[in-house]
Protein chains: 2
Amino acid sequence: MFNNKELLEVKDRILKEAQQLFIRRGYKGTSVRDIAKASGTNVAMVNYYFQSKYNLFEIIFEQALDVLTKRVFETITSDRPIFELIEIWIHTYYEILFEYPEIPTFILNEVSLNPEGLTQRIKNRNPYGAFSKVAQRIEDEAKKGEIRETPAADFLLNILSLCMFPFMFGNLAMTLMEIPRDAYDELIASHEKYVIEFTINALKPCK
Amino acid sequence: MFNNKELLEVKDRILKEAQQLFIRRGYKGTSVRDIAKASGTNVAMVNYYFQSKYNLFEIIFEQALDVLTKRVFETITSDRPIFELIEIWIHTYYEILFEYPEIPTFILNEVSLNPEGLTQRIKNRNPYGAFSKVAQRIEDEAKKGEIRETPAADFLLNILSLCMFPFMFGNLAMTLMEIPRDAYDELIASHEKYVIEFTINALKPCK
DNA sequence: GTCTATAGCGGGATAGAC
DNA sequence: GTCTATCCCGCTATAGAC
C-alpha cells in the first residue's frame, strides 16, 4: 500500500526519493534540488523536515545498514546443523541483495569517503555479538570433526566476499557481457547455488 | 627516482596528485582546485595540460585499469599445473592490491556512477581473451578428473570476490576492529593463504 | 506547512597579462 | 609556460510572505 506517490505524506515522499538517489548516485552525486524535484516539492521543504542534507543522508544510511544486518544477524545465531546454517546464511544474503543490489557498494563507498562520520554508526550495532557466536560454532564443529580446522575471521570474510562482491560487480558485468538486468539476475541466482556448494566443499573434510 | 616533487615536471606532478585524489575521494569528491593545490600549481595549469577535469580523470581511470588487469592477464594465461596456477593467480591479485588497495572500490564505484562513459573503456581491453583461456583450462582439468566439475564463469567470479572484497572491506574493517593499517595488512596477508587453501579444497575432488 | 526569492559559497573553465 | 582575475553556474541553507 501507499505505492501511489500522491498518497504519501510529503515527508515520506522525500525519504523514499532520497533513498533512491543517495544509494544510486552517492552523497556527493545527489543534490537537495534533485531530491526535492523527485519528490514533487521544493528545497525549503526538504530542509524543513530534515534540517540539512547530511542529516537526511544519515537516516538513509542507517536504513541501508538495517537492510544488510538485521535479518542476517537473526539467521546466523540460530542452532541449525552447521551446513544447513551456512546454506541459509548465504541464501539470506542473496535474497536481501537481490532486492537491494546497490547497498553494499553504497555503504562501503560512503564509509571510505567519510570514515570518521559513519563508522561509529556501524560500531553501534555491535556486530561482534552475532559474529562471535558463529566463531564459537565453527570451533566446536571443527573439534567434532564435522568441518576442517577453520579460522573464523577468515571464513566470515569469505562468506561476505562471496555474497556481496557479485552484486557490487553487477553493473560492470552487465555492460561487459552486454546483457540486461534480468539476465544478470538469472546468473546471480545460479551463482548462489555454486557459492553454497563451493563453500561446503571447502569446509568438508575428505573422509 | 624522481620521488622528489620538485624534480618532477609540472605535468607529471599534476598526474601524480590527481591519481591520489581521484582514487581516494572519487570524481565528484575531487576538485580541480584540490589537484592544483596538491601539485603546487594553479587551476589554469591543470586545464592547460589536460583540457578539462573529466579528461584528466579518464587518464587516471585508465591507469587504474592497467594496474588491475595487465599482470593478472599474463599470469592466468600461462601453462602451469592447475593448482599452481590458481595459487599464483590469487597471489598476484593480493600483491597488486596490497600496493593499491583502493583501486577496486574506485573502479566499481565510478563505473556505477557513470556507466555509459566508462564501461566502454573496459570493454576495449577485451577481457574475454584471457578469461576464455582459463575457462578452457578448467574444462580440461575437470575432464581429466583433477578438479570437480566447475562452471568457469562462477569460478572466475569467486576468485574475483575472494581477492577484491577483502580490500574493499578494509576501511570499514579497520575502524570496526580498531586496528591500524599495518595490523590489517597482516590480517590480509594471512587471509591470502586461507583463500588459496579454501579455493583448492573447494576444487579438489574427494578421492 | 508551503513556497519564492535570495544570500553566500565553491565549483569548472578561460581571458589576458607576463 | 605560468599565473591572476574573473565569469557563470549550481550548490546548501534560510528569510520571509502566505
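**Entry 1: elements facing DNA strand D**

I looked up which helices supply the surface near DNA strand D in this predicted model. Helix 2 (32–38) and helix 3 (43–50) of chain A each give at least two residues, and so does helix 3 (43–50) of chain B. I then checked where the largest share comes from. Helix 3 of chain B provides it, with 4 residues.

**Entry 2: residues around the strand**

I listed the surroundings of DNA strand D and found 16 residues. The closest are Val32(A), Arg33(A) and Lys53(A) from chain A, plus Met45(B) and Tyr49(B) from chain B. Of the strand D atoms that come within 4 Å of the protein, 52% belong to sugar and phosphate. I sorted the residues of this surface by character: 8 are nonpolar, 6 polar and 2 charged.

**Entry 3: phosphate contacts**

Which side chains have an N or O atom close to a phosphate oxygen of strand D? I noted Tyr49(B), with a distance of 2.8 Å. For Thr41(B) I read 3.4 Å. For Arg33(A) the distance is 3.5 Å. Arg33(A) and Tyr49(B) are also among the closest residues to the strand.

**Entry 4: a nonpolar surface patch**

I turned to a patch on the surface formed by Tyr128(A), Met177(B) and Leu187(B). The patch is nonpolar, and its residues together have about 280 Å² of accessible area. I placed Met177(B) in helix 10 of chain B, which covers residues 170–177. Why can Met177(B) count as partly exposed? Its relative accessible area is 37%, and partly exposed lies between under 20% for buried and over 50% for exposed. Met177(B) also qualifies for the patch on area, because patch residues need over 30%.

Note on methods
Residues numbered from 1 in each chain as written. Chains lettered and ligands numbered in written order. Predicted model: local features only at pLDDT ≥ 70, side-chain atom pairs only at ≥ 80, totals over all residues. Heavy atoms only, no water. Patch = residues over 30% accessible without salt bridge, like charges linked within 9 Å, V, L, I, M, F, W, Y side chains within 5 Å. Areas by Shrake-Rupley, 256 points an atom, 1.4 Å probe, with all protein chains shown as cover. Salt bridge = Lys/Arg side-chain N within 4 Å of Asp/Glu carboxyl O. Buried < 20%, exposed > 50% of the residue type's maximum accessible area, 1.4 Å probe, protein only. Near = heavy atom within 4 Å. Polar contact = N/O pair within 3.5 Å; in protein donor to acceptor, adjacent residues only side chain to side chain. Nonpolar A, V, L, I, M, F, W, Y, C, P; charged D, E, K, R; others polar.
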